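Reader: Could you walk me through this one? I would like to hear the reasoning behind each label.

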Amino acid sequence: MSNPELLTQLRQLSNDEKVEMIQFLTAELAKEKGLKSLDNGAVYRAWSPYDYDDAAHKLMSLLEQEEAK
């Protein structure tokens with residue numbers, strides 16, 4: 001199948017089917033590149049700046065010291 005034929009068929013897909021194709025192609029590319037995919041059922045920790053007042057104060061202190069030079 002040629003690229004234009006494939007594109008024509010892809011345009012005829014429903015939105016849900018297009019999303020499935022995107023997910024499929026993303027997973028295939030990740031496999032080819034040796035990347036790990038995220039697991040939808042897993043819980044991942046994400047860093048957040050909230051409740052890190054000490055870091056903000058330290059950074060401000062360092063900035064003030066730098067400005068004083």
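Author: Happily! This is a predicted model, and along the sequence the protein follows the pattern α-α-α. Its secondary structure comes to three helices and zero strands.

Reader: What makes the protein more spread out than a compact globule?

Author: Its radius of gyration is 24 Å, whereas the globule rule gives 11 Å for 69 residues; the value is well over the rule, so the protein counts as more spread out than a compact globule. The C-alpha trace spans about 65 × 30 × 25 Å along the principal axes. Buried residues make up 1% of the 69 residues. The protein exposes about 7100 Å², and carbon and sulfur atoms supply 56% of that area.

Reader: Why is the contact between Glu28 and Lys31 called a salt bridge?

Author: The closest N and O atoms of Glu28 and Lys31 are 3.3 Å apart. The cut-off is 4 Å between a side-chain nitrogen of Lys or Arg and a carboxyl oxygen of Asp or Glu, so the pair qualifies. Both residues lie in helix α2 (residues 15-33), three residues apart, which is about one turn of the helix. In general, an α-helix has 3.6 residues a turn, so residues three or four places apart point the same way.

Reader: Are these two partners buried, partly exposed or exposed, and how do you know?

Author: Glu28 has 27% relative accessibility, and because partly exposed runs between 20% and 50%, Glu28 counts as partly exposed. Lys31 has a relative accessible area of 62%, over the 50% mark, so Lys31 is exposed.

Reader: How many salt bridges are there in the structure?

Author: There are two. Glu66 forms a salt bridge with Lys69, with the closest N and O atoms 3.8 Å apart, and that is within the 4 Å limit. Glu66 is exposed, and so is Lys69.

Reader: What makes you say that helix α3 is hardly covered?

Author: The count of buried residues among the 16 residues of α3 is zero. The helix (residues 53-68) reaches 23 Å from its first C-alpha to its last, close to the 22 Å expected at 1.5 Å a residue.

Reader: Why does Leu63 count as partly exposed, and which patch does Leu63 help to make?

Author: Leu63, found in helix α3, has 43% relative accessibility; that falls between 20% and 50%, so Leu63 is partly exposed. Together with Leu59 and Met60, Leu63 makes a nonpolar surface patch of about 290 Å². Patch residues need over 30% relative accessible area, and Leu63 at 43% meets that mark.

Conventions. Residues numbered from 1 in each chain as written. Predicted model: local features only at pLDDT ≥ 70, side-chain atom pairs only at ≥ 80, totals over all residues. Heavy atoms only, no water. Helix = DSSP H or I, 4+ residues; strand = E, 2+ residues; numbered from the N terminus. Buried < 20%, exposed > 50% of the residue type's maximum accessible area, 1.4 Å probe, protein only. Expected span 1.5 Å × (residues − 1). Patch = residues over 30% accessible without salt bridge, like charges linked within 9 Å, V, L, I, M, F, W, Y side chains within 5 Å. Areas by Shrake-Rupley, 256 points an atom, 1.4 Å probe, with all protein chains shown as cover. Rg over C-alpha atoms; globule rule 2.2 N^0.38 Å.
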